[in-house]
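Biologist: Before we look together, could you show me how to read a few features of a model, one after another, starting with the general idea and then turning to the case at hand?

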Amino acid sequence: MLRPGATIGILGGGQLARMLASAGARLGLLSHIYSPVADDPAFDVCASRTLAEFSDEDALAKFAAAVDVVTYEFENVPAATAAFLETRARVRPNPRVLALTQDRLTEKEFVRDLGIETAPFASVEDAGALARAVARVGRPSILKTRRFGYDGKGQIFLRDGADLAVTFRALGGAPCILEGFVPFAREVSVVAARGENGEFRAYDVCENVHEHHILAVTTAPAKISGETAEAAVAIAQRIADAADYVGVLAVEMFVVEGSAGEQLVVNEIAPRVHNSGHWTLDGAVTSQFEQHMRAVAGWPLGSTRRHGRVEMRNLIGADAEKWRDILNEDGASLHLYGKKEARPGRKMGHVTRVFPEDA
Ligand code: AMP
């Protein structure tokens with residue numbers, strides 16, 4: 001168990017690292033941010049910093065020596081970087097989960113092998129394999145690159161009649177996975193934490209609405225039955241236990257409404273704090289960021305109790321220009337990430353509103 005004053009090393013310097021470092025500071029934990037991007041938002045709020053490439057072994061070795069534990073804010077940490085650090089420092093969550101979640105195929109296989117429902121899927125290495133995959137999975141379906149996809153990038157929706165060779169080439173010929181389209185009623189996620197000793201705590205299941213493939217709004221709690229919510233949390237716990245996970249993770253799921261009631265289908269695992277958990281900063285006793293810092297420090301996990309009905313809205317691109325109005329709004333909590341340039345589609349901040357439970 002680390003003591004207050006210990007240093008948490010964080011790979012990546014985006015807004016997730018910024019909010020982790022801020023939450024740590026409140027508990028007397030120092031953060032050392034490692035990022036190759038000079039104007040990353042986490043550099044504004046950390047105790048120490050390394051500006052270096054993830055392949056720079058000298059810099060990685062110094063970083064490992066300077067921190068008490070290493071964690072990360074994004075899942076595309078190169079495997080070689082994680083392996084190098086693991087020989088020199090404690091890395092939480094363990095890097096095996098990175099390898100698992102960096103590749104949509106291994107991720108889906110892992111979930112399926114736990115007996116948890118996923119969309120039907122098939123591996124696609126070339127255009128010929130795509131035809132075979134379509135025969136198995138059917139249409140409509142979605143072709144996704146196995147690696148480095150996010151916010152809808154590296155995905156193509158496959159309708160009836162679409163030319164398969166053209167579709168495959170459009171993704172650059174990269175190894176892909178074909179997923180059956182899930183006719184979901186809603187998208188939900190479970191944000192949860194697992195501690196060093198296996199203790200597990202989940203926030204209430206929340207509901208997510210995407211616009212242009214980017215998360216727009218999260219509300220908590222999700223409008224699902226109590227039974228479905230319990231089942232969703234149990235799925236997240238099974239995944240966290242199987243991965244021997246330490247820290248906060250998010251499991252994104254589809255809710256399908258059929259004749260047998262609500263059914264859950266797992267879409268994706270994020271081995272990190274997650275955008276759909278930002279509401280916990282203002283809407284729960286312990287935020288997901290504090291929870292992650294507690295977990296990687298080997299500390300007891302905090303209460304995940306919700307303060308009310310919560311809505312979190314992302315401020316994307318020019319949305320952030322509304323900061324004055326939001327500041328003037330009674331009951332709105334504004335979070336800005338300090339990014340210098342408001343490019344379209346870029347997450348610039350978020351705003352949270354907490355309402356009484358029955359309002
Ligand atoms: P992903 O990058 O896998 O998180 O996908 C981004 C978004 O695309 C999801 O949040 C869904 O809205 C949609 N999506 C992805 N996969 C599927 C699927 N198999 N069926 C239906 N919608 C999907």
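Modeller: Let us start with a cysteine: in this predicted model, Cys 176 has a relative accessible area of 0% and is therefore buried.

Biologist: And what is the relative accessibility of Cys 206, and is that residue buried or exposed?

Modeller: Cys 206 has a relative accessibility of 1%, so that it too counts as buried, the cut-off being under 20%.

Biologist: How many disulfides are there in the model?

Modeller: In general, a disulfide is a covalent bond that joins the sulfur atoms of two cysteines. Here, with sulfur atoms required to lie within 2.5 Å of each other, the count comes to zero.

Biologist: Which residues does Thr 145 contact, once its neighbours within four places in sequence are left aside?

Modeller: Cys 176 is one of them, and the others are Arg 104, Gly 154, Leu 171, Ala 174 and Pro 175. Thr 145 itself belongs to strand β6, which covers residues 141-145, and it counts as buried because its relative accessibility is 10%, where the cut-off is under 20%. A polar atom of the Thr 145 side chain also lies 3.2 Å from the backbone oxygen of Arg 147.

Biologist: Where does Asn 94 lie, and which backbone oxygens does its side chain reach?

Modeller: Asn 94 sits in the loop between α3 (79-86) and α4 (96-102), and with a relative accessible area of 10% it is buried. Its side chain reaches the backbone oxygen of Ala 243 at 3.2 Å, and that of Asp 244 at 3.2 Å as well. Not counting residues up to four places away in sequence, Asn 94 touches Tyr 72 in addition to Ala 243 and Asp 244. As for Ala 38, which is 56 residues from Asn 94 along the chain, the C-alpha atoms of the two are separated by 27 Å.

Biologist: How should I read the packing of helix α1 against helix α10?

Modeller: In general, a pair of packed helices is described by two quantities, the angle between their axes and the distance between those axes. For α1 (residues 15-26) and α10 (residues 288-296), the angle is about 70 degrees and the axes are 8 Å apart. Since the range from 65 to 115 degrees counts as roughly perpendicular, α1 and α10 are therefore placed in that class.

Biologist: Which residues meet in this contact, and how do they divide by character?

Modeller: On the α1 side, Leu 16, Met 19, Leu 20, Ala 23, Gly 24 and Arg 26 take part, and they meet Phe 289, Glu 290, His 292 and Met 293 of α10. The residues of this contact between α1 and α10 divide into six nonpolar, two polar and two charged.

Methods: Residues numbered from 1 in each chain as written. Predicted model: local features only at pLDDT ≥ 70, side-chain atom pairs only at ≥ 80, totals over all residues. Heavy atoms only, no water. Helix = DSSP H or I, 4+ residues; strand = E, 2+ residues; numbered from the N terminus. Buried < 20%, exposed > 50% of the residue type's maximum accessible area, 1.4 Å probe, protein only. Polar contact = N/O pair within 3.5 Å; in protein donor to acceptor, adjacent residues only side chain to side chain. Contact = heavy atoms within 4.5 Å. Axes fitted to C-alpha atoms, helices over the stretch in contact; angles between N-to-C directions. Parallel < 35°, antiparallel > 145°, perpendicular 65-115°, else oblique. Nonpolar A, V, L, I, M, F, W, Y, C, P; charged D, E, K, R; others polar.
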